Amino acid sequence: MANPRVLDKRRRSIRNIRKITRTMELIATARFKKAMDRASAATAYTTRITQLVEDLMTSGMEFSHPLLEQRETVRNATLLVLTANRGLCGGFNGNVQRAGFQRWMELKQTIPTCRLEISGKRGIAAFKFRGITPDVAFTHFEDRPAFDEVDVIATRYLEEYITGHLDRLDLAYTKFHGIAKQQVVIETLLPLGTIGGDSTAPTSPAANQPQAEAGARRNIYEFLPSPESILEEVVPTSFKIKLFKCFLDSAVSEQIARMVAMKSATENAGDLIHRLSMQYNRARQSRITSELMDVIGGVEALS
Amino acid sequence: MADTHPSATTLHCIVVTPEATELDTPADFVALPLYDGEVGIALGRAPLIGRLGYGELRVRYKDELIRYYVDGGFVQVANNVVSILTNRALLACVLEQDAAEEQLRTALARRAAGREELAIRDRLILQARGQLRVASRRQG
């Protein structure tokens, strides 16, 4: 029979762990709500820019922009992998790392010059473990990525793409579909497939309203200076906002993953405490019984 | 959400950045920095899509005047709603004149070779000058 004192000690340590995991769960919940608000705010921007692009298209202009055109030969490619700086978030980091590693191997086989860029300490460590050192590493993106920070990276990619130093940009990250669904995806951001944001992004009813209204009555716009000039600006902006949205999606998904992981850890700790309590009670009871038996045996021997 | 009916009695001004909706307010008059100069928008303005420059956005409603620095972007005017999409919108009162002056000095000293680098330098100069203009009006 186990020692009751040892069992009690274990139970107390698990209680402490449960306190920590519960606190982490609460922190992740608060952070998730903030990250979610930021993602919704970015959706408002993408919805309006999509609306603007639709109105531009009604002017009857032909769409052509260097960022939209597929290049015949791809010599230089960059893979950006978005992971977290911290762990204890279930399979969030592992899933992105696996997908990113697979795409990295594919790119290495088909494209002569490949660059790997990783955001997040976990991703950097995982790729180093596999013997791959990233060309550029970012560790400053926490749960609140700022547009200005992403803008710096996006501007660099755009400059590289326009000057011919980059022909393709792939991004591995966890896409946020909703609270119940996050999915690891690898998207090719350059060349841009579409402009004006992500058509599959979840949008609030309020955000859909401008589109519905515009659909009801089309306006004839005056363009200042010209549709072509506006498009020239819209395409890079669209790329920047797409990249920013990916960072926001990744941040929201990380917090959800941590919240879920910590919730199940708390529940598991509760189950473990319950089991240990039963074992402890049985051990204590059997010790009392054996002591009683000793006392009764002693009394019987004396009488 | 803004009232988008053409017969609305006031304009509605919405300023959206990628991080937040900075301003969502009714307005009597809106003055915007377009790429080549200012444009004023009053009630009943014909639909417009324009490219913004770097400068001051003024929103007047009754006796109140709201002043922002907007960092490029786009404006869409339709059905008496002025939607401003910009990377950055800063209240004029929080602009830092010293930082803008420093940015202007750095940009003017920056060496640029090739069309792309020249465009970047020009953008930095225009941004800094726009900020300085807005900051100086605040003091004046």
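**Note on the predicted two-chain model**

1. Confidence in chain A. The average pLDDT of chain A is 87, and 91% of its residues score at least 70. The model is a predicted one, and the confidence is not uniform along the chain: over residues 199–212 of chain A, pLDDT stays under 50. For that stretch the model nevertheless has 18 contacts beyond four places in sequence. Any reading of those contacts should be set beside the pLDDT of under 50.

2. A buried position in chain A. A:Phe247 belongs to helix H6 of chain A, which covers residues 227–302. This phenylalanine counts as buried because 27 C-beta neighbours lie inside 10 Å, where 20 or more suffice for that class. Once neighbours within four places in sequence are set aside, the contacts of A:Phe247 are A:Leu82, A:Phe141, A:Pro145 and A:Val150. A further pair links the same part of the chain: A:Arg144 is separated from A:Phe247 by 103 residues in sequence, while their C-alpha atoms are 9.0 Å apart in space.

3. Architecture of chain B. Chain B holds eight strands and two helices. Read from the N terminus, the order of its elements is β-β-β-β-β-β-β-β-α-α. Its radius of gyration is 16 Å, close to the 14 Å that the globule rule gives for 140 residues, so chain B is as compact as a globular protein of that length. Along the principal axes, its C-alpha atoms fill a box of roughly 55 × 35 × 25 Å.

4. Burial and contact range in chain B. Of the 140 residues in chain B, 36% are buried. When contacts between residues at least 6 apart in sequence are considered, 53% of them join residues at least 24 apart.

5. Domains of chain B. The domain assignment divides chain B into domain 1, residues 11–92, and domain 2, residues 95–139. Taken over C-alpha atoms, the centres of these two domains of chain B are 22 Å apart. Their contact involves eight residues of domain 1 and nine residues of domain 2. On the domain 1 side, strand S5 (48–61) and strand S6 (64–78) of chain B each supply at least two residues. The largest share of that side, four residues, comes from S5(B). By residue class, the side of domain 1 that touches domain 2 comprises four nonpolar, two polar and two charged residues.

6. The interface between the chains. Chain A contributes 30 residues to the contact and chain B contributes 23. On the chain B side, S5, S6 and strand S7 (81–85) each provide at least two residues. S5(B) gives the most, with four residues. The chain B side divides into 13 nonpolar, seven polar and three charged residues. S5(B) thus appears on two surfaces: it supplies four residues to the side of domain 1 that touches domain 2, and four residues to the side of chain B that touches chain A.

7. Strand pairing across the interface. Strand S6 of chain A, residues 222–224, runs parallel to S5(B), and three bridges join the two strands. Within this pairing, A:Phe223 stands opposite B:Ile49 of S5(B). The description of the interface may therefore be read from S5(B), which gives the most to the side of chain B that touches chain A and is joined to strand S6 of chain A by three bridges.

Methods: Residues are numbered from 1 along each chain as its sequence is written. Chains are lettered from A and ligands numbered from 1 in the order in which they are written. This is a predicted model: local features need pLDDT of at least 70, side-chain atom pairs count only at pLDDT 80 or more; totals for chains, interfaces and linings use all residues. Domain bounds come from an automatic or database domain assignment. Two residues are in contact if their C-beta atoms, placed from the backbone, lie within 7 Å. Ala, Val, Leu, Ile, Met, Phe, Trp, Tyr, Cys and Pro count as nonpolar, Asp, Glu, Lys and Arg as charged, and the others, Gly among them, as polar. Two strands pair if DSSP finds at least two bridges between them. pLDDT is the predictor's confidence in each residue, from 0 to 100. A residue is buried if 20 or more other C-beta atoms lie within 10 Å of its own, exposed if 12 or fewer, and partly exposed in between; C-beta atoms are placed from the backbone. The radius of gyration is taken over C-alpha atoms; the globule rule is 2.2 Å times the number of residues to the power 0.38.
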